[in-house]
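Could you walk me through this structure in my viewer, telling me what to select next and what I will find there? I would like to go from one stop to the next.

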Amino acid sequence: MKPVLAFLLLSTPAIAQVNVYTTRQPELIQPVIDAFTAETGIAVNLAFVDEGLVERLVAEGDRSPADLVMTVDIANLSQIVEAGVVQPVDSAVLDAAIPAELRAPDDTWFALTTRARVVFASKERVDPSEITTYEDLADPRWRGRICSRSGTNNYTLALLSAMIAHQGEDFAREWAAGLKANLARRPEGNDRAQVRAVWAGECDIALGNTYYMGQMLGNPEEREWAESVNVVFPRFEGGGTHVNVSGIAMTKAAPNREDALRLMEFLVSPEAQRIYAEVNFEYPVLAGAELSDLVASWGEVTPDTISLSEVAANRGTALRIMEEVDFDG
């Protein structure tokens, strides 16, 4: 509760302000927030909510001081919408900046950045040309060569949900079983742990989000892991590379709605999108926005254009499939 108490103490009616609950570490978004305040004079109060975000918003109800919620992963955004604690936002600016597949059909959430779900492949043991599609990862030639985090992790479930959307439930079940058969070890750890396992020779390829590469390269203890792999962009057969998002939604309570909308629209401006890309190693949602030099060096990505709302709708089925194939067993 300490972050929220500090957040409430900063809030005074006499000052133009926006109050934000964020599941992202504040330092990841502070640079873009500072740019907004410098341009508009509107103060932004960030409250880091590590757990129980939906429950808190439900409990606070109409008395919630939060204007906006910033979080990652389409599953989290969908849960907020399903809880009935956010409102639709009608904005020509947001609609023009963000592709339709990266915002809710009912305008209840909007993507701010994307991150690709890629393959980290050993530079020593894998030719990048060997990896073309996600479907191919279930091929027996990868038997004992793949590392993955848990099958119930949001990122893993989102990828399987997208596979369901592309190829249907029956194919997705076979694919999940094939991927499990190709694992070098039981799923464990986060995306960085998978890269470390490739570096250590425990497996040859691993699934992970692109921005982890930028983070590892900036960490002296992890740089060697990152430098041992190539970033490879698989595609779905008939589709593109799977992406997930960081996103934003306006709460139903929103005591500072007008200024909150100004912040939302600023976050998809060329300046804000450039800062996001530079600081967080993510991909802008705004067409034509600059990539950081590091992210650009990983190669071109063709994002999948399937609606993330459709992906989110398949999450329950994806979780059931992972349980049926005993992916983590």
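Start by selecting strand S3 (residues 68-72) together with S9: five bridges join the two, and they run antiparallel. This is a predicted model, so treat every stop on the tour as a feature of a prediction. Within the pair, pick out Leu 68, which stands opposite Met 250 in S9.

Keep Met 250 highlighted and add strand S4 (residues 86-87). Here two bridges make the connection to S9, again with an antiparallel run. Gln 87 is the residue of interest, as it stands opposite Met 250 in S9.

Next, add strand S5 (residues 110-122), which is joined to S9 by six bridges and runs antiparallel to it. Look for Phe 110, whose bridge partner in S9 is Ile 248.

Now show S9 by itself, residues 243-251. How many of its nine residues are buried? The count is nine of the nine, so the strand is largely enclosed by the rest of the structure.

**The disulfide**

Select Cys 147 and Cys 203 and show their side chains. A disulfide joins them, with an S to S distance of 2.1 Å. What does this pair link? It links distant parts of the chain, 56 residues apart: Cys 147 sits in strand S6 (residues 146-147), while Cys 203 is in the loop between helix H8 (191-199) and strand S7 (205-209). A search of the whole structure finds one disulfide, so there is no need to hunt for another. If you check the torsion about the S-S bond of Cys 147 and Cys 203, you will find about -110°, so this disulfide is left-handed. Switch on a surface and look for the two cysteines: Cys 147 is buried, and Cys 203 is too.

**An aromatic pair**

A search of the whole structure turns up four aromatic pairs. For one of them, select Phe 36 and Phe 266: their ring centres are 5.5 Å apart and their planes meet at 55°, so the pair is tilted. Phe 36 belongs to helix H2 (residues 26-40) and Phe 266 to helix H11 (residues 257-266), so the contact ties together parts that are 230 residues apart in sequence. Are these two rings buried or exposed? Phe 36, at 0% relative accessibility, counts as buried, and so does Phe 266, at 6%.

**The largest pocket**

To find the largest pocket, select Thr 23, Val 72, Tyr 155, Tyr 211 and Tyr 212, which lie nearest its centre among the 19 residues that line it. The space inside is about 510 Å³. Now colour H2, S3, helix H6 (154-167) and helix H9 (211-217), as each supplies at least two residues of this lining. Which of the elements gives the largest share? That is H9, with three residues. Colour the lining by residue class and you will see six nonpolar, seven polar and six charged residues.

**The second largest pocket**

For the last stop, select Thr 114, Tyr 283, Pro 284, Val 285 and Pro 303, the closest to the centre of the second largest pocket among its 19 lining residues. This pocket holds about 360 Å³ of space. With the class colours still on, its lining shows 12 nonpolar, four polar and three charged residues.

Key. Residues are numbered from 1 along each chain as its sequence is written. This is a predicted model: local features need pLDDT of at least 70, side-chain atom pairs count only at pLDDT 80 or more; totals for chains, interfaces and linings use all residues. Side-chain values use heavy atoms; hydrogens and water are left out. A disulfide is a pair of cysteine sulfur atoms within 2.5 Å. Helices (H or I, at least four residues) and strands (E, at least two) are DSSP runs, numbered from the N terminus. Buried means under 20% relative accessible area, exposed over 50%, partly exposed in between (1.4 Å probe, protein chains only). Rings of Phe, Tyr and Trp (its six-membered ring) pair if their centres lie within 6.5 Å; planes under 30 degrees apart count as stacked, over 60 as edge-to-face and the rest as tilted. Two strands pair if DSSP finds at least two bridges between them. On a 1 Å grid over the protein atoms alone, a cavity is a set of points where a 1.4 Å probe fits but cannot get out, and a pocket is an open set with protein on both sides within 12 Å along at least five of seven lines; lining residues have an atom within 4 Å of a point. Grid points are joined across faces, edges and corners, and a volume is the space filled by probe spheres set on the points. Ala, Val, Leu, Ile, Met, Phe, Trp, Tyr, Cys and Pro count as nonpolar, Asp, Glu, Lys and Arg as charged, and the others, Gly among them, as polar.
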